[in-house]
2 protein chains.
Amino acid sequence: MAVLTPRATDFPRWYQDVLAKAELAENGPVRGTQVIRPYGYALWERMQAEVDARIKAAGAQNAYFPLFIPESYLRREAEHVEGFSPELAVVTIGGGKELEEPVVVRPTSETVIGEYLAKWTQSYRDLPLLLNQWANVVRWELRPRLFLRSSEFLWQEGHTAHADEADAAAYARRIAQEVYRDFLTNVLAIPVLVGVKTRRERFAGATNTMTCEGMMGDGKALQMATSHELGQNFARAFDIDYLGADGARHLAWTTSWGCSTRMVGGLIMAHGDDGGLRVPPRLAPTQVIVLPVRDDEAVVAAARELVSSLTDAGLRVRLDARPGLSFGRRVTDAEIKGMPVRVEVGPRDLAAGTVTVVRRDTSVKTPVPLAEVATRVSAALDEVQAGLYAEAVALREQRTADVTTIADAAAAAATGFARIPWSAVGEEGEARLAEDALTVRCLQTADGEIPAPGTPADELVALIARSY
Amino acid sequence: MAVLTPRATDFPRWYQDVLAKAELAENGPVRGTQVIRPYGYALWERMQAEVDARIKAAGAQNAYFPLFIPESYLRREAEHVEGFSPELAVVTIGGGKELEEPVVVRPTSETVIGEYLAKWTQSYRDLPLLLNQWANVVRWELRPRLFLRSSEFLWQEGHTAHADEADAAAYARRIAQEVYRDFLTNVLAIPVLVGVKTRRERFAGATNTMTCEGMMGDGKALQMATSHELGQNFARAFDIDYLGADGARHLAWTTSWGCSTRMVGGLIMAHGDDGGLRVPPRLAPTQVIVLPVRDDEAVVAAARELVSSLTDAGLRVRLDARPGLSFGRRVTDAEIKGMPVRVEVGPRDLAAGTVTVVRRDTSVKTPVPLAEVATRVSAALDEVQAGLYAEAVALREQRTADVTTIADAAAAAATGFARIPWSAVGEEGEARLAEDALTVRCLQTADGEIPAPGTPADELVALIARSY
C-alpha cells in the first residue's frame with residue numbers, strides 16, 4: 001500500500017495520487033479542463049443512471065439546450081450576470097469571422113432555458129413545466145482541481161416553471177430530498193446535511209438555495225448538489241407568463257437544481273482510505289472483482305465460471321486475469337480502484353471447494369464454500385454499503401462540535417463542522433468568519449431539517465466549516 | 001391530417017412541420033444552434049442506449065475529453081486543420097481576460113484524444129486502446145437545418161489505437177458493421193448501404209472512410225454514421241508510439257468513428273408519412289399509447305389497468321387521458337409523434353370485452369379481446385417493425401437505377417440513387433457530378449459489400465445521389 005501518500009501526511013496529495021493511480025482523471029491541455037478516464041467515467045455513468053431515474057420519477061423530462069448563449073441574455077438578470085461574469089468563456093470568432101454579438105459558453109442555462117420556458121408556457125394547463133438536461137458547462141477557474149473545481153464540468157441542470165410560489169418551493173424541496181439526498185445517502189453512502197444557504201452563499205439570481213453538504217475525510221465540507229427557488233426573477237427577465245384559469249395573465253415561478261462530476265471528487269474524499277478509493281456497492285460499476293491467484297488453466301477456468309454465476313445472480317462482476325500482472329499487482333489495483341468485494345480463486349482453495357471473499361472496507365478475508373458464493377458475496381456487498389455509511393456517519397459525528405460563540409466555531413471548524421445558533425452569527429459574523437476562509441455551509445432547524453420558509457432566525461442552526 | 005404540409009407538395013416544409021408539430025426541436029437563439037425538445041430528446045436517448053450497448057460489446061470504454069482544444073493542436077495534422085478551419089468557433093476571452101493562445105471549441109476530438117492516446121500507449125500490451133465519448137461538438141454552419149446540419153450537435157466519437165494496420169482496419173470495419181449497420185437496420189429499420197468514401201469525400205485526415213447511407217422519403221441520401229481508418233497520420237502528429245514485443249518502438253495505427261443527432265433527422269425523413277413521424281417499435285420511447293375514448297371514470301380506469309398489464313409484459317407504454325383534449329386531438333398527437341401502436345378503449349368496446357388496436361404504419365384497426373391484448377399488441381409491434389423496414393427497402397429498390405453512363409446517373413439521381421461502375425466515373429466524373437450537386441455516396445462491391453482494401457477499381461460500384 002506504499003503507492004499512495006498517506007492521508008494523514010498530506011490529504012491533497014493523497015487525493016492527487018488516487019486520481020492518478022486509480023486512473024480516474026488527469027489535467028486537460030487547456031488550463032483548468034479535465035480528461036475523465038474510463039474508470040472515472042464509469043463512476044459518473046453510474047451516478048447519471050441513478051440520478052436520472054430519480055429525476056424522471058419526480059416527473060421531469062430530459063431535453064437539450066444550446067451550449068452557446070447570446071451575451072445579452074445573461075445581462076437580463078442583474079444578480080445572475082454579476083455572479084457569472086468573471087467566470088465566462090467568450091466565443092468571438094465563428095466560421096472564420098468576427099461575430100457581431102459575442103457568444104458565451106454556458107456557465108449554467110437559466111437564461112437560455114428561460115427564453116423557451118416563456119415560449120412553451122401559454123396557459124395554466126402547461127404548468128408545471130419540468131425539464132432537465134445533462135450537459136457540459138464552463139466556468140473559468142483560477143485554482144482548478146480535478147473533479148472539484150474545473151473550468152469545464154459535466155452535470156445535470158433541472159429547470160422548472162410553476163403557477164405559484166408554493167408549488168415551485170415544494171418542487172425545489174422535493175428535488176433536494178427525493179433526488180439528491182436520497183441518492184447521496186442511499187447510493188453514495190454519504191450522510192449529507194441538507195439545509196438552506198445564507199443570503200451571502202445563495203446562487204446568483206435565487207431567492208432560496210437548498211444544499212446537500214457532505215463531510216470529507218479531512219473534515220472539510222463539500223457542497224454536493226443544490227436546488228434553487230428563483231422566485232419570479234427569471235420569469236420577469238424572460239417574460240415567463242401564462243393565462244390563468246381566471247382569464248388573467250400571471251408571471252410564473254421558476255426553480256433550477258443541479259449536481260455534477262464534482263460528486264466523483266466527493267466520493268473519493270468521503271470514503272477513500274490509505275489504500276485508495278472505496279466505492280459503495282450500490283454505485284460501483286464493478287461490485288465484485290474475481291482474481292485467479294495464478295495463471296493456471298484450471299484456476300482461470302474456475303474464476304471464469306464464478307464470474308458468470310455471479311453475473312447471473314444480478315451482480316456487476318469483472319474478471320482480472322491479466323497475464324502480464326502478478327497476483328499482488330492485481331490485488332493492489334482492485335484495492336486502489338475501491339472495488340467493494342474481491343473474490344480470490346487459488347488452486348489450494350479450489351481443492352478444498354472454497355474461494356476467499358475479501359471486503360474492501362475492512363480487508364477481512366473469509367473462506368467461502370463454492371456453493372454459497374453468490375449469497376455470501378451479496379451479503380458482503382450489503383455489509384460494505386452499510387459499513388461505509390456507518391463510518392461516514394461516525395466521522396461526521398466525531399468531528400462535529402456544538403458551540404455557542406464564533407471563536408469556538410472557528411476553532412471547531414479547523415478539524416470539522418461547528419453547529420452554532422444562527423442568532424449568534426448573523427451576516428456580520430458570517431463576514432468575519434469569511435476572513436478565515438470559513439463559511440456557513442447551511443442553515444437547518446434544530447433537528448437537522450430544511451427550515452420552512454419564514455422560520456424565525458433564532459430557531460436556525462448554522463453549520464460552519466472549511467470547504468472545497 | 002391536414003395539419004402537415006403533404007410530403008409530395010413540399011418535402012422540406014413537411015420536415016419542418018413534423019419538427020414543430022411533433023415537438024421535436026426548434027432553433028436556438030444563436031444562429032445554427034438547436035433546442036432539442038423532450039420528445040426529440042427521448043428519441044435520441046433511445047438511440048444512445050442502443051448504440052452504447054453495441055459499442056461496449058465491441059470492447060470500447062467510455063471516457064470524456066475537454067470541449068476546449070488549443071488551436072495549435074489542430075495545426076499538427078495538415079489535412080485535418082484544412083478540413084475544419086472554416087467551421088471553427090474560437091474562444092478568445094476566458095475569465096474576463098484575452099487568452100494568450102486562443103482555444104477552439106472541439107469540432108471533433110482526434111487531436112486532443114491523440115495527445116492522451118500517446119501518453120497511455122506505452123507498450124504493445126496497452127493495445128488495442130479502445131475509447132469512446134458521448135459529447136457535443138461545434139461546426140459553424142452557414143445553412144443550418146435542425147438535426148441534419150446544426151452548429152452544435154450531439155454525438156458519440158470513438159477513438160482507438162492499434163499495434164498494426166490490419167487490426168485497425170478490422171476494428172473500423174467491425175464498428176461500421178456491428179455497431180452502425182446493425183443498429184440502423186435492426187433498430188432504426190433503415191436499410192442503409194455500407195461502403196467506402198472516395199478520396200474526395202473522405203474525412204479530413206483519414207486514409208479510408210466507411211459510411212452508412214440511407215435513402216430518405218424524397219430519394220435523397222443521408223450519411224448516417226462513419227468509421228475512419230486514420231492510418232498513421234495522427235499517430236505521427238501526436239507521437240502515438242509503443243514498445244513492441246521486439247523491443248523496438250513502433251508508431252500505432254488509429255481509427256475514429258461517429259454517429260450523431262443527425263440520425264433523428266434520418267428517422268423522420270426515412271419513415272415519416274403525411275400523418276407525421278413513424279417510429280420503429282424497437283426504438284420508440286413509447287411503443288404503445290393507450291387512449292380512453294372519453295373522459296369517463298370506468299373507461300379511464302380500464303385504460304389505466306391496460307397500461308399496467310402491458311408494462312408488466314415488458315412494453316414501453318403510456319396513457320394519454322389529458323382531460324383538456326378531445327379524443328380526436330389525442331389521436332392526431334399520437335399519429336404525428338409516430339407511436340407505433342395505439343390502443344383505443346371505449347365504453348362500447350369494453351361492454352363487448354374488447355379494445356381497438358391500431359397500427360401506425362398501416363392505420364389498420366383491429367378489435368382485440370381484452371384477454372389477448374398483450375400478445376396481440378406485441379405481435380403488432382413486430383409487424384410494424386418489419387413493415388417499416390420492408391417499406392424502406394421497397395422505396396430504395398424502386399428508386400435505385402443501374403446505369404452505365406454519367407448522364408444516366410445524373411438523370412436517375414434526380415429522384416433516387418444511381419448505381420454505376422466506378423470505372424465509368426472516376427475522380428474526373430465525380431468532379432463533374434459535383435457541379436450538379438451530385439456526390440458519390442460510397443463505393444461498394446458488386447454484391448453491395450464494403451470493398452476489401454486494394455479491390456481493383458473496375459470491380460467497384462459507385463452509388464450516386466443528391467444528399468443532405
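1. Let's start with a hairpin in chain A of this predicted model. Strand 18 (residues 354-359) and strand 19 (residues 365-369) of chain A run antiparallel to one another and are joined by five bridges. You can trace some of these pairs yourself: Thr354(A) has Pro369(A) in strand 19 as its bridge partner, and Thr356(A) is matched with Pro367(A) in strand 19. Five residues sit between the two strands of the hairpin, and in that turn Ser363(A) has a positive phi of about 65 degrees. If you're wondering what holds such partners together, strands of a sheet pair through backbone hydrogen bonds, either parallel or antiparallel.

2. Now zoom out to the sheet that this hairpin belongs to. It's an open sheet of five strands in chain A, with the order 16-15-17-18-19 and mixed pairing. Which strands are at the edges? They are strand 16 (317-319) and strand 19 of chain A, each of which pairs on one side only. From one strand to the next, the twist averages 25 degrees.

3. Two helices pack on that sheet, so to speak as its company. Helix 9 (residues 297-312) of chain A touches strand 15 (288-292), strand 16, strand 17 (341-345) and strand 18 of chain A, and its direction makes about 165 degrees with that of strand 15 of chain A. Helix 10 (residues 327-336) of chain A touches strand 15 and strand 17 of chain A, and its direction makes about 175 degrees with that of strand 15 of chain A.

4. Have a look at the sheet that takes strands from both chains. This open sheet has six strands in the order 4(A)-6(A)-5(A)-5(B)-6(B)-4(B), with antiparallel pairing. Why is one side of strand 4 (68-70) of chain A, and of strand 4 (68-70) of chain B, left without a neighbour in the sheet? Because these two strands stand at the edges, and each has a single partner strand. The twist here averages 45 degrees from one strand to the next.

5. Within that sheet, check one pair on the chain B side. Strand 5 (residues 89-94) and strand 6 (residues 97-105) of chain B are antiparallel and share four bridges. Gly94(B) stands opposite Lys97(B) in strand 6 of chain B.

6. How many residues of chain A are in contact with chain B? There are 52 of them, and they meet 52 residues of chain B. The two chains bury about 4,200 Å² between them, with 64% of it on carbon and sulfur atoms. Three residues to click on are Pro29(A), Tyr64(A) and Phe68(A): they supply 16% of the area that chain A buries against chain B, more than any other three residues.

7. Next, a pocket. The second largest pocket has a volume of about 1,900 Å³. It is lined by 42 residues, and the closest to its centre are Gln61(A), Glu23(B), Arg318(B), Arg322(B) and Lys337(B). The lining residues divide into 20 nonpolar, eight polar and 14 charged.

8. Where does that lining come from? In chain A, strand 3 (61-62) and strand 7 (129-138) each supply at least two residues, and so do helix 1 (11-21), helix 2 (38-57), strand 16 (317-319) and helix 10 (327-336) of chain B. Helix 2 of chain B gives the largest share, six residues.

9. Last, a few backbone details worth checking by eye. The peptide bond from Leu127(A) to Pro128(A) is cis, with omega near -5 degrees, and Pro128(A) lies in the loop between helix 5 (110-120) and strand 7 of chain A. In chain B, a cis peptide bond joins Leu127(B) and Pro128(B), with omega about -5 degrees. Pro128(B) is found in the loop between helix 5 (110-120) and strand 7 (129-138) of chain B.

10. Phe147(B) isn't a glycine, yet it has a positive phi of about 70 degrees. You'll find Phe147(B) in the loop between strand 7 and strand 8 (152-162) of chain B.

How values were computed: Residues are numbered from 1 along each chain as its sequence is written. Chains are lettered from A and ligands numbered from 1 in the order in which they are written. This is a predicted model: local features need pLDDT of at least 70, side-chain atom pairs count only at pLDDT 80 or more; totals for chains, interfaces and linings use all residues. Side-chain values use heavy atoms; hydrogens and water are left out. On a 1 Å grid over the protein atoms alone, a cavity is a set of points where a 1.4 Å probe fits but cannot get out, and a pocket is an open set with protein on both sides within 12 Å along at least five of seven lines; lining residues have an atom within 4 Å of a point. Grid points are joined across faces, edges and corners, and a volume is the space filled by probe spheres set on the points. Ala, Val, Leu, Ile, Met, Phe, Trp, Tyr, Cys and Pro count as nonpolar, Asp, Glu, Lys and Arg as charged, and the others, Gly among them, as polar. Two strands pair if DSSP finds at least two bridges between them. Axes are lines fitted to C-alpha atoms, for helices over the stretch in contact, and angles run from 0 to 180 degrees between N-to-C directions. Contact means heavy atoms within 4.5 Å. Buried area is the accessible area (1.4 Å probe) that two parts lose on being put together, summed over both.
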